[in-house]
Amino acid sequence: MPLKIDVIKDKILSDNYFILRNVTYDLTRNDGEVVRHKREVYDRGNGATIMLYNRDKKTVVLTRQFRVATWVNGNKDGMLIEACAGLLDADEPEACARKEAIEETGFQVGAVEKLFELYMSPGGVTELIHFFMAEYDDSHRTWAGGGVEDEDIDVLEIPFTEALEKVASGEIRDGKTVILLQQLQLRGVMA
Ligand SMILES: Nc1nc2c(ncn2[C@@H]2O[C@H](COP(=O)(O)OP(=O)(O)O[C@H]3O[C@H](CO)[C@@H](O)[C@H](O)[C@@H]3O)[C@@H](O)[C@H]2O)c(=O)[nH]1
Ligand SMILES: [Mg+2]
C-alpha cells in the first residue's frame, strides 16, 4: 500500500474528444521503497445508468445500439444491448439518469433509487458510473425513444426472464447491464 504519491509528469497525449494522459508518478511504500510508474489514463468523464423495470408485467426496458469499441474488439455487427446510460456532462448523476431515460427510451420515470457508484475499468479508465433503478409503467411513456442527434437507439421492452437468458447466452455482455439485471434478481423484485 503506497503512503505517498508524487506526480513527476502529467502529459496529455490526446484531447481530441475525450482526454488521454500519460502520468508518471513515484509511489513511496511503507518500507520507504520508491517505485516509479508511467501509466496511460483515459478520461471519458463519468456516467450514469438506470434500469427501468415493471413488477406487474415483469419486464425491463433496454437499449440496443452500435458500439464501435466493441466492433473493433470482436463484436461482429457491433450492436450491443445495454441499460439506458449517458455521460454526466454538466448534470448531477440522478438528473442525468432521468434525462437519458427520456432521450433513449421515452420513459419519464417517477421515483428513482440510487444503488452504487462503480469504477468500470480501473486499470486505465477514470470513469465512475452512477447506478440507478426505477419502476416504469405505460403512463410514463412520453415518446418512442431512440436517442438524440446521430444516436440511433432501438428500445427493447422484454420479459425479465428473457433478459437473464440473454446474459446466460452471452447476447447481453455489457458490464453495467449485467450488474443491474443481477441486482433485480438478488432483490427478488421480479419473482
Ligand atoms: N463526435 C464524437 N462524438 C462522440 C465520441 N465519442 C462519443 N461520442 C458521442 O457522445 C454521445 C454520448 O452519448 P451518451 O448517451 O451521453 O453516452 P454513452 O455513450 O451512452 O455512455 C454511457 O454508456 C457508456 C457505456 O457503458 C458509459 O461508458 C458512459 O459512462 C455512459 O454511461 C453519443 O452521441 C456518442 O456518439 C467521439 O469521439 N466523437
Ligand atoms: Mg447513451
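**Strands, a ligand shell and a helix pair**

Strand β1 (residues 2–14) runs antiparallel to strand β2 (residues 19–29), and the two are joined by 10 bridges. All of this comes from a predicted model, so it's best read with that in mind. To pick out one rung of this ladder, Lys-11 has Asn-22 of β2 as its bridge partner. Just 4 residues sit between β1 and β2, and the two strands form a hairpin.

The chain then does much the same kind of thing again. β2 also pairs with strand β3 (residues 34–43), in the antiparallel sense and over 10 bridges. Here Asp-26 is matched with Arg-36, its bridge partner in β3. β2 and β3 make a hairpin too, with 4 residues between them. In that turn, Gly-32 has a positive phi of about 90 degrees.

Zooming out, the protein has 4 helices and 10 strands. Following the sequence from start to end gives the pattern β-β-β-β-β-α-β-β-α-β-β-β-α-α. As for overall dimensions, the C-alpha trace spans about 60 × 35 × 35 Å along its principal axes.

Next comes the ligand. Which residues are around ligand 1? The list reads Tyr-17, Gly-47, Thr-49, Ala-85, Gly-86, Leu-87, Glu-100, Glu-127, Ile-129, Glu-149, Glu-151 and Lys-176. Sorted by class, this shell has 5 charged, 4 nonpolar and 3 polar residues. Two strands, β4 (47–54) and β7 (84–87), each supply at least two residues of the shell. The largest share belongs to β7, with 3 residues.

Finally, there's a pair of helices to look at. Two packed helices are described by the angle between their axes and by how far apart those axes are. Helix α3 (residues 160–169) packs with helix α4 (residues 175–187) at an angle of about 130 degrees, and their axes are 11 Å apart. Angles over 145 degrees would count as roughly antiparallel and those from 65 to 115 as roughly perpendicular, so α3 and α4 are oblique to each other. The crossing of α3 and α4 is left-handed. On the α3 side, the contact is made by Phe-160, Ala-163, Leu-164 and Val-167, while α4 brings in Val-178, Leu-181, Leu-184 and Gln-185. Counted by class, the contact of α3 with α4 has 7 nonpolar residues, 1 polar and no charged ones.

Methods: Residues numbered from 1 in each chain as written. Chains lettered and ligands numbered in written order. Predicted model: local features only at pLDDT ≥ 70, side-chain atom pairs only at ≥ 80, totals over all residues. Near = placed C-beta within 6 Å. Nonpolar A, V, L, I, M, F, W, Y, C, P; charged D, E, K, R; others polar. Pairing = 2+ DSSP bridges. Axes fitted to C-alpha atoms, helices over the stretch in contact; angles between N-to-C directions. Parallel < 35°, antiparallel > 145°, perpendicular 65-115°, else oblique. Left-handed = near helix turned anticlockwise from the far one by under 90°. Contact = placed C-beta atoms within 7 Å.
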